[in-house]
Amino acid sequence: MTPEKERKTLDNVFDSICDFEELYEAFRDARKQKRFRGDVMEYTEQLETNLIVTQNELIWGTYKVGPYRPFYVTIPKLRLVMALQFRDRVVQHAIYRCMNPFYDRMFIEDSYACRIGKGSHAAADRLQYWMRQVSRKPGAPWYYLKLDISKYFYRVNHRILMDILKERIKDERLLQLLDCIVNSEDTAFGLPSGMAPEECPDDMWLTDVGMPIGNLTSQMFANIYLNEVDQYAKHGLRIHYYIRYMDDIIILHQDKAQLAAYKDELATFLKDRLQLDLNKKTAIRPVPLGVDFVGYRIYATHRKLKKSTAYRIMHRIKTLSAQLAAGEITREEFDRVAASYKGVMSHCNSYGLRQKLNKTYKEAMGRLQAAHGAAAQPDPERRRQ
(Lines give C-alpha, C1' and ligand atoms only; values in the text may rest on other atoms or scores of the structure.)
Protein backbone atom coordinates (compact mmCIF):
# COMPACT_ATOMS: atom_id res chain seq x y z
CA MET A 1 0.00 0.00 0.00
CA THR A 2 1.18 3.53 -0.75
CA PRO A 3 2.50 5.27 2.38
CA GLU A 4 -0.04 7.73 3.82
CA LYS A 5 2.17 10.76 3.24
CA GLU A 6 2.46 9.89 -0.49
CA ARG A 7 -1.18 9.01 -1.17
CA LYS A 8 -2.94 11.36 -3.56
CA THR A 9 -6.35 9.67 -3.46
CA LEU A 10 -8.45 7.55 -1.13
CA ASP A 11 -9.26 4.23 -2.75
CA ASN A 12 -10.23 0.79 -1.43
CA VAL A 13 -10.76 2.10 2.11
CA PHE A 14 -14.42 1.24 2.64
CA ASP A 15 -13.67 -2.26 3.91
CA SER A 16 -11.43 -0.82 6.63
CA ILE A 17 -14.26 1.50 7.76
CA CYS A 18 -16.56 -1.53 8.05
CA ASP A 19 -14.02 -3.64 9.92
CA PHE A 20 -15.41 -4.74 13.30
CA GLU A 21 -12.31 -3.63 15.24
CA GLU A 22 -12.41 -0.25 13.52
CA LEU A 23 -16.08 0.19 14.40
CA TYR A 24 -15.26 -0.73 17.99
CA GLU A 25 -12.57 1.96 18.12
CA ALA A 26 -15.06 4.41 16.58
CA PHE A 27 -17.52 3.45 19.34
CA ARG A 28 -14.87 4.21 21.98
CA ASP A 29 -14.21 7.61 20.40
CA ALA A 30 -17.92 8.41 20.20
CA ARG A 31 -18.62 7.60 23.85
CA LYS A 32 -15.76 9.69 25.30
CA GLN A 33 -17.08 11.90 28.11
CA LYS A 34 -20.61 10.64 27.33
CA ARG A 35 -20.59 7.06 28.58
CA PHE A 36 -23.26 7.65 31.25
CA ARG A 37 -25.80 9.22 28.90
CA GLY A 38 -28.92 7.16 28.40
CA ASP A 39 -28.55 6.49 24.66
CA VAL A 40 -24.88 5.54 25.08
CA MET A 41 -25.62 3.14 27.94
CA GLU A 42 -28.48 1.58 25.96
CA TYR A 43 -26.21 1.03 22.94
CA THR A 44 -23.43 -0.38 25.14
CA GLU A 45 -25.71 -2.96 26.77
CA GLN A 46 -25.88 -4.86 23.46
CA LEU A 47 -22.58 -3.55 22.08
CA GLU A 48 -21.47 -6.52 20.00
CA THR A 49 -24.92 -6.99 18.47
CA ASN A 50 -25.28 -3.28 17.68
CA LEU A 51 -21.83 -3.11 16.07
CA ILE A 52 -22.54 -6.20 13.94
CA VAL A 53 -25.88 -4.72 12.80
CA THR A 54 -24.14 -1.47 11.85
CA GLN A 55 -21.35 -3.38 10.12
CA ASN A 56 -23.84 -5.39 8.04
CA GLU A 57 -25.80 -2.26 7.09
CA LEU A 58 -22.61 -0.64 5.83
CA ILE A 59 -21.39 -3.72 3.95
CA TRP A 60 -24.72 -4.33 2.21
CA GLY A 61 -25.37 -0.65 1.50
CA THR A 62 -28.59 -0.49 3.53
CA TYR A 63 -27.34 2.04 6.09
CA LYS A 64 -29.46 5.18 6.37
CA VAL A 65 -28.87 8.13 8.67
CA GLY A 66 -31.37 8.11 11.52
CA PRO A 67 -33.62 11.02 12.46
CA TYR A 68 -32.05 14.16 13.88
CA ARG A 69 -33.09 15.80 17.15
CA PRO A 70 -33.09 19.57 16.51
CA PHE A 71 -32.58 22.14 19.27
CA TYR A 72 -31.39 25.72 19.53
CA VAL A 73 -28.37 27.07 21.39
CA THR A 74 -28.09 30.76 22.19
CA ILE A 75 -24.39 31.07 23.15
CA PRO A 76 -22.51 32.78 21.59
CA LYS A 77 -25.38 33.34 19.17
CA LEU A 78 -28.58 31.60 18.13
CA ARG A 79 -27.84 28.40 16.20
CA LEU A 80 -29.91 25.42 15.21
CA VAL A 81 -28.07 22.25 16.28
CA MET A 82 -28.92 18.79 14.96
CA ALA A 83 -28.19 15.87 17.31
CA LEU A 84 -27.78 12.38 15.85
CA GLN A 85 -28.58 9.04 17.42
CA PHE A 86 -25.57 7.33 18.99
CA ARG A 87 -25.45 4.58 16.33
CA ASP A 88 -24.98 7.28 13.67
CA ARG A 89 -22.28 8.97 15.69
CA VAL A 90 -20.35 5.68 15.75
CA VAL A 91 -20.50 5.54 11.94
CA GLN A 92 -19.36 9.16 11.67
CA HIS A 93 -16.38 8.50 13.90
CA ALA A 94 -15.42 5.52 11.73
CA ILE A 95 -15.55 7.73 8.62
CA TYR A 96 -13.62 10.48 10.39
CA ARG A 97 -10.86 8.09 11.50
CA CYS A 98 -10.35 7.11 7.86
CA MET A 99 -10.72 10.45 6.08
CA ASN A 100 -9.44 13.12 8.43
CA PRO A 101 -5.74 12.09 8.57
CA PHE A 102 -5.70 11.96 4.75
CA TYR A 103 -7.22 15.42 4.30
CA ASP A 104 -5.53 17.08 7.26
CA ARG A 105 -2.09 16.88 5.64
CA MET A 106 -3.48 18.83 2.64
CA PHE A 107 -4.67 21.77 4.71
CA ILE A 108 -2.56 24.91 5.01
CA GLU A 109 -0.55 25.38 8.20
CA ASP A 110 -2.65 28.33 9.34
CA SER A 111 -6.05 26.64 9.30
CA TYR A 112 -6.85 26.07 12.99
CA ALA A 113 -10.41 24.82 13.50
CA CYS A 114 -11.19 21.21 14.44
CA ARG A 115 -7.63 19.97 13.92
CA ILE A 116 -5.40 18.04 16.31
CA GLY A 117 -2.69 20.30 17.74
CA LYS A 118 -4.47 23.46 16.56
CA GLY A 119 -7.56 25.09 18.08
CA SER A 120 -8.66 28.58 19.06
CA HIS A 121 -5.81 29.31 21.51
CA ALA A 122 -3.16 28.30 18.97
CA ALA A 123 -4.89 30.51 16.39
CA ALA A 124 -4.86 33.47 18.80
CA ASP A 125 -1.16 32.88 19.54
CA ARG A 126 -0.28 32.74 15.85
CA LEU A 127 -2.15 35.93 14.97
CA GLN A 128 -0.64 37.80 17.91
CA TYR A 129 2.83 36.64 16.88
CA TRP A 130 2.26 38.13 13.42
CA MET A 131 0.89 41.36 14.91
CA ARG A 132 4.05 41.73 17.00
CA GLN A 133 6.14 41.18 13.88
CA VAL A 134 4.40 43.78 11.76
CA SER A 135 4.17 46.33 14.60
CA ARG A 136 7.99 46.43 14.70
CA LYS A 137 8.36 47.05 10.99
CA PRO A 138 9.12 50.64 9.87
CA GLY A 139 6.72 52.69 7.81
CA ALA A 140 2.98 53.18 7.85
CA PRO A 141 0.80 51.18 10.25
CA TRP A 142 -0.48 47.80 9.10
CA TYR A 143 -4.13 46.96 8.47
CA TYR A 144 -6.16 43.80 8.80
CA LEU A 145 -8.96 42.42 6.67
CA LYS A 146 -11.55 40.36 8.52
CA LEU A 147 -13.66 38.09 6.32
CA ASP A 148 -16.73 36.46 7.81
CA ILE A 149 -18.85 34.13 5.70
CA SER A 150 -22.59 34.58 5.95
CA LYS A 151 -24.43 31.62 7.54
CA TYR A 152 -21.64 29.27 6.51
CA PHE A 153 -22.91 25.91 7.78
CA TYR A 154 -26.40 26.65 6.46
CA ARG A 155 -25.15 27.57 2.96
CA VAL A 156 -22.67 24.83 1.97
CA ASN A 157 -23.73 23.57 -1.45
CA HIS A 158 -24.16 19.78 -1.51
CA ARG A 159 -23.28 19.31 -5.19
CA ILE A 160 -20.09 21.36 -4.89
CA LEU A 161 -19.09 19.55 -1.69
CA MET A 162 -19.55 16.15 -3.32
CA ASP A 163 -17.58 17.30 -6.39
CA ILE A 164 -14.70 18.38 -4.12
CA LEU A 165 -14.78 15.03 -2.32
CA LYS A 166 -14.80 13.13 -5.63
CA GLU A 167 -11.55 14.82 -6.65
CA ARG A 168 -9.67 12.80 -4.00
CA ILE A 169 -11.96 9.90 -3.09
CA LYS A 170 -12.07 7.11 -5.70
CA ASP A 171 -13.85 4.55 -3.52
CA GLU A 172 -17.42 4.44 -4.88
CA ARG A 173 -18.87 2.78 -1.76
CA LEU A 174 -17.39 5.49 0.47
CA LEU A 175 -18.78 8.19 -1.85
CA GLN A 176 -22.23 6.60 -1.63
CA LEU A 177 -22.02 6.63 2.17
CA LEU A 178 -20.91 10.28 2.21
CA ASP A 179 -23.72 11.20 -0.19
CA CYS A 180 -26.17 9.53 2.19
CA ILE A 181 -24.92 11.79 4.99
CA VAL A 182 -24.65 15.02 2.96
CA ASN A 183 -27.98 14.65 1.14
CA SER A 184 -30.15 13.63 4.07
CA GLU A 185 -33.52 12.40 2.90
CA ASP A 186 -35.48 13.29 6.01
CA THR A 187 -34.08 16.62 7.21
CA ALA A 188 -33.45 19.95 5.49
CA PHE A 189 -30.47 21.91 6.83
CA GLY A 190 -30.21 24.83 4.40
CA LEU A 191 -31.32 28.44 4.72
CA PRO A 192 -32.36 30.72 1.87
CA SER A 193 -29.77 33.44 1.28
CA GLY A 194 -30.04 36.33 3.73
CA MET A 195 -32.35 34.52 6.17
CA ALA A 196 -31.61 33.59 9.80
CA PRO A 197 -32.67 30.24 11.37
CA GLU A 198 -35.30 31.84 13.61
CA GLU A 199 -36.83 33.66 10.62
CA CYS A 200 -37.21 30.65 8.33
CA PRO A 201 -40.58 28.83 8.23
CA ASP A 202 -40.41 25.03 8.22
CA ASP A 203 -41.50 24.78 4.59
CA MET A 204 -38.71 27.09 3.38
CA TRP A 205 -35.71 25.11 4.64
CA LEU A 206 -33.59 23.83 1.74
CA THR A 207 -32.40 20.29 1.05
CA ASP A 208 -29.67 21.04 -1.49
CA VAL A 209 -27.55 23.25 0.77
CA GLY A 210 -26.50 23.25 4.43
CA MET A 211 -24.78 20.93 6.90
CA PRO A 212 -26.08 19.96 10.36
CA ILE A 213 -24.22 21.85 13.08
CA GLY A 214 -23.03 19.36 15.69
CA ASN A 215 -22.02 16.53 13.35
CA LEU A 216 -18.43 15.31 13.40
CA THR A 217 -18.48 14.91 9.63
CA SER A 218 -19.81 18.47 9.26
CA GLN A 219 -16.69 19.79 11.00
CA MET A 220 -14.49 17.79 8.64
CA PHE A 221 -16.50 18.78 5.55
CA ALA A 222 -16.35 22.42 6.64
CA ASN A 223 -12.55 22.37 6.56
CA ILE A 224 -12.44 20.46 3.26
CA TYR A 225 -14.88 22.93 1.67
CA LEU A 226 -13.03 26.07 2.77
CA ASN A 227 -9.64 24.55 2.01
CA GLU A 228 -10.48 25.61 -1.54
CA VAL A 229 -10.32 29.28 -0.59
CA ASP A 230 -7.26 28.67 1.62
CA GLN A 231 -5.35 27.22 -1.33
CA TYR A 232 -6.45 30.06 -3.60
CA ALA A 233 -5.38 32.69 -1.06
CA LYS A 234 -1.98 31.12 -0.36
CA HIS A 235 -1.02 29.83 -3.82
CA GLY A 236 -3.18 31.90 -6.17
CA LEU A 237 -2.98 35.31 -4.49
CA ARG A 238 0.21 34.46 -2.53
CA ILE A 239 -1.01 36.08 0.69
CA HIS A 240 1.56 35.67 3.46
CA TYR A 241 -0.31 36.75 6.61
CA TYR A 242 -3.46 34.66 6.18
CA ILE A 243 -5.15 32.71 8.98
CA ARG A 244 -8.51 30.94 9.19
CA TYR A 245 -10.55 29.53 12.05
CA MET A 246 -13.63 27.82 10.59
CA ASP A 247 -15.40 30.61 8.63
CA ASP A 248 -13.44 33.54 10.15
CA ILE A 249 -10.49 34.72 8.04
CA ILE A 250 -7.91 37.37 8.99
CA ILE A 251 -5.38 38.87 6.54
CA LEU A 252 -2.66 41.38 7.47
CA HIS A 253 -1.07 43.82 4.99
CA GLN A 254 0.58 47.22 5.06
CA ASP A 255 -1.38 48.48 2.04
CA LYS A 256 -5.04 49.15 2.71
CA ALA A 257 -5.81 49.23 -1.01
CA GLN A 258 -4.25 45.79 -1.43
CA LEU A 259 -6.50 44.41 1.30
CA ALA A 260 -9.51 45.86 -0.50
CA ALA A 261 -8.34 44.09 -3.66
CA TYR A 262 -7.93 40.81 -1.73
CA LYS A 263 -11.43 41.24 -0.36
CA ASP A 264 -12.92 41.63 -3.84
CA GLU A 265 -10.97 38.69 -5.26
CA LEU A 266 -11.81 36.36 -2.39
CA ALA A 267 -15.48 37.42 -2.41
CA THR A 268 -15.63 36.61 -6.12
CA PHE A 269 -13.93 33.24 -5.57
CA LEU A 270 -16.27 32.34 -2.72
CA LYS A 271 -19.30 33.25 -4.82
CA ASP A 272 -18.24 31.61 -8.08
CA ARG A 273 -16.48 28.50 -6.75
CA LEU A 274 -18.34 27.78 -3.49
CA GLN A 275 -21.58 29.79 -3.77
CA LEU A 276 -20.92 31.57 -0.47
CA ASP A 277 -21.31 35.23 0.48
CA LEU A 278 -19.50 37.51 2.92
CA ASN A 279 -21.57 39.11 5.68
CA LYS A 280 -21.63 42.63 7.10
CA LYS A 281 -18.89 41.89 9.65
CA THR A 282 -16.31 41.96 6.84
CA ALA A 283 -14.10 45.03 7.43
CA ILE A 284 -10.65 46.62 7.00
CA ARG A 285 -9.17 48.35 10.06
CA PRO A 286 -5.75 49.36 11.47
CA VAL A 287 -3.95 46.57 13.35
CA PRO A 288 -3.21 48.79 16.43
CA LEU A 289 -6.98 48.96 17.14
CA GLY A 290 -6.95 45.23 17.91
CA VAL A 291 -8.49 42.28 16.07
CA ASP A 292 -11.62 40.38 17.14
CA PHE A 293 -10.76 36.72 16.59
CA VAL A 294 -11.65 33.38 18.22
CA GLY A 295 -13.42 35.06 21.15
CA TYR A 296 -10.64 37.51 22.03
CA ARG A 297 -9.72 41.10 21.23
CA ILE A 298 -6.09 40.62 20.22
CA TYR A 299 -3.40 43.32 20.28
CA ALA A 300 0.32 43.06 19.57
CA THR A 301 1.11 43.46 23.29
CA HIS A 302 -1.82 41.72 24.98
CA ARG A 303 -5.27 40.25 24.47
CA LYS A 304 -8.62 40.63 26.17
CA LEU A 305 -11.89 38.78 26.15
CA LYS A 306 -14.46 40.22 23.78
CA LYS A 307 -16.89 42.44 25.67
CA SER A 308 -19.83 40.20 24.82
CA THR A 309 -17.97 37.18 26.21
CA ALA A 310 -16.98 39.03 29.40
CA TYR A 311 -20.58 40.18 29.97
CA ARG A 312 -21.83 36.65 29.43
CA ILE A 313 -19.37 35.23 31.97
CA MET A 314 -20.26 37.94 34.50
CA HIS A 315 -23.97 37.22 34.15
CA ARG A 316 -23.45 33.47 34.38
CA ILE A 317 -21.29 33.62 37.51
CA LYS A 318 -23.75 36.03 39.14
CA THR A 319 -26.59 33.61 38.46
CA LEU A 320 -24.64 30.54 39.61
CA SER A 321 -23.41 32.27 42.77
CA ALA A 322 -27.00 33.12 43.71
CA GLN A 323 -28.08 29.53 42.98
CA LEU A 324 -25.21 28.15 45.06
CA ALA A 325 -26.11 30.42 47.96
CA ALA A 326 -29.74 29.33 47.70
CA GLY A 327 -28.77 25.63 47.58
CA GLU A 328 -30.18 25.17 44.08
CA ILE A 329 -26.90 23.78 42.70
CA THR A 330 -24.05 21.85 44.29
CA ARG A 331 -20.52 23.06 44.93
CA GLU A 332 -19.28 20.56 42.31
CA GLU A 333 -21.57 22.02 39.66
CA PHE A 334 -20.41 25.53 40.46
CA ASP A 335 -16.72 24.55 40.48
CA ARG A 336 -17.05 22.80 37.13
CA VAL A 337 -18.36 25.93 35.40
CA ALA A 338 -15.93 28.21 37.25
CA ALA A 339 -13.00 26.02 36.17
CA SER A 340 -14.00 26.28 32.51
CA TYR A 341 -14.18 30.08 32.73
CA LYS A 342 -10.86 30.16 34.54
CA GLY A 343 -9.35 28.24 31.62
CA VAL A 344 -10.70 30.75 29.12
CA MET A 345 -9.42 33.73 31.12
CA SER A 346 -5.97 32.18 31.60
CA HIS A 347 -5.26 32.84 27.92
CA CYS A 348 -5.80 36.59 28.08
CA ASN A 349 -5.35 39.66 30.29
CA SER A 350 -8.29 39.28 32.65
CA TYR A 351 -7.22 40.59 36.07
CA GLY A 352 -10.04 43.15 36.26
CA LEU A 353 -12.68 40.63 35.21
CA ARG A 354 -11.45 38.06 37.72
CA GLN A 355 -11.65 40.67 40.50
CA LYS A 356 -15.26 41.43 39.55
CA LEU A 357 -16.13 37.73 39.51
CA ASN A 358 -14.58 37.23 42.94
CA LYS A 359 -16.55 40.20 44.26
CA THR A 360 -19.79 38.78 42.84
CA TYR A 361 -19.07 35.42 44.47
CA LYS A 362 -18.20 36.93 47.87
CA GLU A 363 -21.36 39.04 47.88
CA ALA A 364 -23.47 35.94 47.27
CA MET A 365 -21.67 34.03 50.02
CA GLY A 366 -22.10 37.02 52.31
CA ARG A 367 -25.84 36.88 51.84
CA LEU A 368 -25.73 33.16 52.57
CA GLN A 369 -23.80 33.77 55.80
CA ALA A 370 -26.20 36.49 56.87
CA ALA A 371 -29.15 34.17 56.32
CA HIS A 372 -27.75 31.01 57.88
CA GLY A 373 -24.89 32.07 60.11
CA ALA A 374 -21.14 31.66 59.97
CA ALA A 375 -21.40 27.86 59.93
CA ALA A 376 -22.71 27.98 56.38
CA GLN A 377 -19.66 29.90 55.14
CA PRO A 378 -17.67 27.67 52.69
CA ASP A 379 -13.99 27.00 53.12
CA PRO A 380 -12.12 30.19 52.00
CA GLU A 381 -9.55 28.08 50.14
CA ARG A 382 -12.31 27.01 47.72
CA ARG A 383 -13.47 30.53 46.88
CA ARG A 384 -10.93 31.10 44.16
CA GLN A 385 -12.24 31.30 40.59
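Reader: Which residue in strand 8 is the bridge partner of V291?
Author: This is a predicted model, in which local features need pLDDT of at least 70, side-chain atom pairs count only at pLDDT 80 or more, and totals for chains, interfaces and linings use all residues. Residues are numbered from 1 along each chain as its sequence is written, and side-chain values use heavy atoms, with hydrogens and water left out. Strand 7 and strand 8 (residues 296–298) pair in the antiparallel sense over three bridges; strands (E, at least two residues) and helices (H or I, at least four) are DSSP runs numbered from the N terminus, and two strands pair if DSSP finds at least two bridges between them. In strand 8, V291 has as its bridge partner I298.

Reader: Which strands stand at the edges of the sheet with the order 7-8-9?
Author: Three strands make up this open sheet, with antiparallel pairing in the order 7-8-9. Two of them have a single partner strand each, so one side of each is left without a neighbour in the sheet. These edge strands are strand 7 (291–293) and strand 9 (303–305).

Reader: What angle does the direction of helix 6 make with that of strand 8?
Author: Helix 6 (residues 120–135) packs on the sheet and touches strand 7, strand 8 and strand 9, a contact being heavy atoms within 4.5 Å. Angles run from 0 to 180 degrees between N-to-C directions, with axes fitted as lines to C-alpha atoms, for helices over the stretch in contact. Between helix 6 and strand 8 the angle is about 20°.

Reader: Which helix packs on the sheet of order 4-5-3-6 and touches strand 3, strand 5 and strand 6?
Author: Four strands form this open sheet, and the pairing is antiparallel. Six bridges link strand 3 to strand 5 (residues 248–253), with Y143 standing opposite H253. Helix 6 packs on this sheet too, where it touches strand 4 and strand 5. The helix that touches strand 3, strand 5 and strand 6 is helix 11 (residues 256–274).

Reader: How are helix 8 and helix 10 oriented to each other, roughly parallel or roughly perpendicular?
Author: The axes of helix 8 (residues 158–168) and helix 10 (residues 216–236) come within 10 Å and cross at roughly 85°. Angles under 35 degrees count as roughly parallel, over 145 as roughly antiparallel, 65 to 115 as roughly perpendicular and the rest as oblique. Helix 8 and helix 10 are therefore roughly perpendicular.

Reader: Which residues in helix 10 do I160, L161, I164 and L165 meet?
Author: These four residues belong to helix 8. In helix 10 they meet F221, I224, Y225 and E228.

Reader: Is D148 buried or exposed?
Author: D148 is found in strand 3 (residues 143–148) and touches, among others, D247, D248, D277 and K281. Buried means under 20% relative accessible area, exposed over 50%, and partly exposed in between, with a 1.4 Å probe and protein chains only. With a relative accessible area of 7%, D148 is therefore buried.

Reader: How many of the five residues of strand 2 are buried?
Author: Strand 2 (residues 79–83) runs antiparallel to strand 1 (residues 69–73), with five bridges joining them; one bridge pairs Y72 with L80. Strand 2 is largely enclosed by the rest of the structure, because its buried residues number four.

Reader: What percentage of the 385 residues of the protein chain count as buried?
Author: The protein chain has 14 helices and nine strands, and its C-alpha atoms fill a box of roughly 70 × 65 × 45 Å along the principal axes. Of the 385 residues, the share that counts as buried is 46%.

Technical notes: Lists of a residue's contacts leave out its neighbours within four places in sequence.
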